[in-house]
Amino acid sequence: MLYDFEPLVYRVASISKLFWQEYLNYFEDARTMVRVGTSKLFAFPSFTLEVFHRLYYESEPEQLDPPPPESAWATRLHQEFQQLIGCDELVEQCQGNQLAAGLATVEYCRQVYERLPPPMPRFPNPQQYRELIRQLKHDPAVTPSQAFARILNSTQTTSPTGLPLPKTRQQQERSLWLRQLIEDSNDRSAQLIQLLQQEGKQAVWQAQQYAASLDETQVRQMLRAALNAADEKLSEASAWLEMLGLSWGNEVGGEQRVSSTEKMALAQKIATHAKLKQIAVVAGRLQSFAERKRRSKALDAFGEITTIQLGDNLSRLLPSELQKLSTSDLFPLFALSYYDRSLLQYKTRGKEKQCKGPLVVCLDSSGSMDGLPDTWAKAVTAVLGQIAYREGRHLRVIHFATRVCRVDDFPPHHHDFSRLLESMLAFYNGGGTAWEPALLSATQCIEEKPQFKGADIVMVTDGRCDVKRDFLEQLKVKQQQREFSIYGVLIGGADERQMKQFCDRIWVVKDLVSDEIAIDELFLL
C-alpha cells in the first residue's frame with residue numbers, strides 16, 4: 001500500500017483512520033494530493049491523517065510521548081495551526097462530519113505541500129532503519145542476506161527515500177541500497193546494525209535541520225492560506241449539496257435520511273463535472289432569492305389587516321393600547337385587559353396557498369439551449385427540486401426538443417439524488433423546439449395519476465413555437481377538469497406571445513447573469 005498512516009505526532013482514533021481511508025477511496029483528487037505530498041516528504045500521509053483527525057474527531061488530540069524526532073516539521077505545523085484565527089470555526093464545521101472534514105483536509109494539505117519548501121537534500125525515512133535493526137536483532141544467528149531475502153525479492157510500495165516510484169524502479173533502488181549495506185558489513189549483523197544506526201542518525205539529523213530551517217513567518221502565511229482555501233472549499237461544497245436540497249447534517253426529508261457516504265458519492269460526482277458545478281453556482285443565487293421571497297410573502301400574509309378584534313397578541317396591538325404602557329396609572333387597566341384577552345388588536349389574514357401539488361418541469365433541450373441557457377434552466381429546475389423535496393411534493397422532469405427525450409420522477413421524500421444529477425447533466429441538442437409533446441406528456445401523467453391532481457407545470461424554454469388551436473382548446477379543457485396550472489420561464493427575451501396562449505403566468509429572463517430576481521415569484525409555487 002502506498003500510504004503509511006501510522007501517526008507521527010498524535011494518537012489517532014481508529015475511527016478517524018477508517019473514515020479518512022474511506023474518504024480517499026471516493027475522491028481521486030485526495031489520493032493525488034497524498035501521493036504528490038509524499039514525493040516531497042515521506043511523512044506526509046501521516047500528516048494528512050492527523051489533520052483529518054483534528055478536524056473530524058478531536059481538535060486537541062493526545063500527543064505522543066515522545067513523538068519521533070523526524071516529525072519536528074509536522075509538530076511545528078500543528079502547533080501553528082492552533083494559533084490561527086479561524087481554526088476553531090473550521091473545526092466546528094468539520095467535527096463529526098466525514099465529508100466536511102475530508103474536503104477541508106484535502107484543501108488544507110494541498111496548500112501545505114504546494115507552499116512547503118522541499119528538503120534539500122532529501123532525507124530518507126528514519127523509521128525504515130529502526131525496522132531493519134529490529135529485524136536483525138530478532139534473530140541474530142541469521143545472516144543479514146538471509147534475514148532480508150524476502151525484502152530483496154518482494155514488491156515494495158515505497159522506496160528507501162520514501163518516494164512513490166514505479167514498481168520496477170522502487171524494487172531496483174531498494175534492492176541495490178540494501179545489498180550495498182550488506183556488502184559493506186561483510187554480511188554480519190553486528191556491523192550492519194552499526195551502519196544502519198549511523199544512517200538512521202544522519203536521517204534524523206537531516207529531518208530536524210529541515211524543520212529548524214522553516215521560516216516562522218512563511219509558515220504562518222502558508223497555514224493562513226491553507227485555512228482560507230479549506231473554508232472556500234467547504235462553501236463551494238455546501239453549494240453543491242444545497243443544489244440538491246441537502247446540507248452538511250443528516251437531513252430528514254419526511255422519511256428520507258441521507259448518509260455521509262451517500263453525500264460523498266454525490267459530492268464526488270459534482271466535483272468531476274464542470275457543468276454541475278456551474279449549475280450549483282447559479283442555483284445558489286436563485287435559491288437565496290427564493291428563500292428571501294418566500295420569507296417576505298409569509299410576512300406580508302401575516303400582516304394583512306382585515307379588521308379589529310379583541311385579544312392578547314402584543315405584536316398586533318393598536319397604538320392606543322400601547323400608550324397605556326407609558327403611563328403608570330393606566331398600566332393596571334392594560335394588565336387586566338391583557339389577562340382577559342380584551343385588548344384591541346388588528347385581525348390579519350394570510351393568502352398562502354393551502355394545498356401545493358406536484359411540480360412538473362418541462363426542460364427545453366433544443367440546440368439553441370446549449371451552454372449558459374441550459375445551465376440556467378437546470379439551475380431553475382434544481383431550486384424547484386429543493387422546494388419539492390422540502391415540502392414533500394412529487395417532482396417530474398421532462399426533457400424535450402422536437403419530442404420527449406427523457407422523463408425523471410422524484411417521489412415525495414424519496415428523491416434519488418444521483419439520478420437528479422444525471423438529469424441535470426442530460427442534454428439532447430435536438431435542433432428544433434416543439435412544446436406540444438412536452439405538454440402532452442405532462443397532462444397525460446396528470447390525467448392518469450390521481451396524485452398529480454392540482455399540479456403546477458413549468459415550461460422552461462428559449463424558443464418560439466407554434467401550437468395548434470385544437471390542441472390549445474383541449475389543453476384548456478383539461479386544465480379546468482384536472483385543476484392544474486401552467487407557468488412559463490422564457491430564457492433570452494424571446495417574444496412571449498406564443499407562450500401566453502397556454503401559460504397562466506410567464507417570467508421573461510433577458511440577462512442570464514443578473515436577472516435572477518425577475519423570476520423570484522416562480523419559487524412561490
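Which residue stands opposite F400 in β6? To find out, follow the stops below through this predicted model.

**Whole chain.** Start with everything shown. The chain holds 20 helices and 10 strands. Of its 525 residues, 49% are buried. Its accessible surface is about 25,400 Å², and carbon and sulfur atoms account for 49% of that surface. Now look at contacts between residues at least 6 apart in sequence: 76% of them join residues at least 24 apart.

**Strand β6.** Select residues 395-400, which form β6. Six of the six residues are buried, so the strand is largely enclosed by the rest of the structure. Buried here means under 20% relative accessible area. Show the side chains next. L395, V397 and H399 point one way, while R396, I398 and F400 point the other way. In a regular strand, side chains alternate between the two faces of the sheet. In β6, the residues pointing either way are all buried.

**Strand β5.** Add residues 359-364, which form β5. β5 and β6 run parallel and are joined by six bridges. Select D364 here: D364 is the residue that stands opposite F400 in β6.

**Helix α17.** Add residues 372-391, the helix α17. Together with β5 and β6, α17 makes a β-α-β unit, and the unit is right-handed.

**Strand β7.** Finish with residues 404-410, which form β7. A hairpin of three residues joins β6 to β7. The pairing of β6 with β7 is antiparallel and has six bridges. Select I398 in β6 and V407 in β7 to see two residues that stand opposite each other.

Note on methods. Residues are numbered from 1 along each chain as its sequence is written. This is a predicted model: local features need pLDDT of at least 70, side-chain atom pairs count only at pLDDT 80 or more; totals for chains, interfaces and linings use all residues. Side-chain values use heavy atoms; hydrogens and water are left out. Buried means under 20% relative accessible area, exposed over 50%, partly exposed in between (1.4 Å probe, protein chains only). Helices (H or I, at least four residues) and strands (E, at least two) are DSSP runs, numbered from the N terminus. Two strands pair if DSSP finds at least two bridges between them. A crossover is right-handed if, with the strands pointing away from the viewer, the path from the first strand over the helix to the second runs clockwise. Contact means heavy atoms within 4.5 Å. Accessible areas come from the Shrake-Rupley method with a 1.4 Å probe; for residues, only the protein chains shown count as cover.
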